[in-house]
Each structure stands twice: as structure tokens, then as C-alpha cells.
Amino acid sequence: QVQLVESGGGLVQPGESLRLSCRASGSIFRIDVVAWYRQAPGKQRELVASITNGGNTNYKDSVKGRFTISRDNAKKLMSLQMNNLKPEDTGVYYCNADVRTTGSTWYSNYWGPGTQVTVSS
């Protein structure tokens, strides 16, 4: 089985920074696309950023220039650096990954339990 666990959330003031981390564990052969999603109260979950195994990135327009997604394949660690945070960035942030487990020939999609980010003065 595969587990994704996020960390690094918290309460910050507008303009401050946070770094979210997501550590994958289990019988992992390879991790393909990794993404960060967020869900604000009363809203649908939305894609914030994604990164392929080759390092190609994609960002939601409203976070471009402020957020940076990265990954360390050897450590099975994925991160989201969030700078100049705004109140509208508030929400629960989820790590998501397409994972091929040891002995498998296909990829399955996994979610972490989420970490709360609150941006408020």
C-alpha cells in the first residue's frame, strides 16, 4: 500500500511564506505526476500545481510567480513553496500522486489526508 502524508501547513499573515511537504511511503516502484490541490470552505477542490517525473510544471494562474512545486525522486518527497501568501490561498492543501507499486504494471492515484493553510491578518 502507498501512503502520502503532507506537512507544513499553518496560520500565516498575508505576504508571508509557507513550505508544504509531501512524503510518499510504501512499496513504490515509481512516482509519475505529482500535484497539489486545495479546497477552500464551500468550494470545490482545485488544482494548484503539478510536476511530471521529468520536471515539467504547471500552475494555476493565480499562483504563478508565487508558488513553486518541486520533487526529490530519490527521497520520494514533494514540496510546494508558497510565497507572498494571500487570504484567498486559504484552504486545505492535498498532495496527489500517480504511483506504480512494486510488482505492478499500472499506475494508481493516491491522495494525502491534507494540511490546513490559513492566511489571515
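Begin with the whole protein chain and its contacts: among those with a separation of 6 or more, 56% join residues 24 or more positions apart. The model on display is a predicted one.

Next, colour the protein chain by secondary structure. The view should show 11 strands and 0 helices, so that from the N terminus onward the order of elements is β-β-β-β-β-β-β-β-β-β-β. With a radius of gyration of 14 Å, close to the 14 Å expected from the globule rule for 121 residues, the protein chain is as compact as a globular protein of that length. Along the principal axes, the C-alpha atoms occupy a box of roughly 50 × 25 × 25 Å.

Now switch to a surface display. The accessible surface of the protein chain amounts to about 6500 Å², and carbon and sulfur atoms supply 45% of it. Of the 121 residues, 38% count as buried.

Select the charged side chains next. There are 14 positive and 9 negative ones, and the centres of the two sets are 4 Å apart.

Finally, turn to the aromatic rings, where the whole structure contains 2 aromatic pairs. Select Tyr94 and Trp111: their pair is edge-to-face, with 6.3 Å from centre to centre and 85° between the planes. Because Tyr94 belongs to strand S9 (residues 91-101) and Trp111 to strand S10 (residues 108-111), the pair ties together parts that are 17 residues apart in sequence. Tyr94 is buried, at a relative accessible area of 13%, whereas Trp111 is partly exposed, at 39%. Add Tyr37 to the selection to complete the view: Tyr37, Tyr94 and Trp111 make up one aromatic cluster.

Note on methods:
Residues are numbered from 1 along each chain as its sequence is written. This is a predicted model: local features need pLDDT of at least 70, side-chain atom pairs count only at pLDDT 80 or more; totals for chains, interfaces and linings use all residues. Side-chain values use heavy atoms; hydrogens and water are left out. Helices (H or I, at least four residues) and strands (E, at least two) are DSSP runs, numbered from the N terminus. The radius of gyration is taken over C-alpha atoms; the globule rule is 2.2 Å times the number of residues to the power 0.38. Buried means under 20% relative accessible area, exposed over 50%, partly exposed in between (1.4 Å probe, protein chains only). Contact means heavy atoms within 4.5 Å. Accessible areas come from the Shrake-Rupley method with a 1.4 Å probe; for residues, only the protein chains shown count as cover. Lys and Arg count as positive and Asp and Glu as negative; His and the chain ends are not counted. The place of a charge is taken as NZ of Lys, CZ of Arg, CG of Asp or CD of Glu. Rings of Phe, Tyr and Trp (its six-membered ring) pair if their centres lie within 6.5 Å; planes under 30 degrees apart count as stacked, over 60 as edge-to-face and the rest as tilted.
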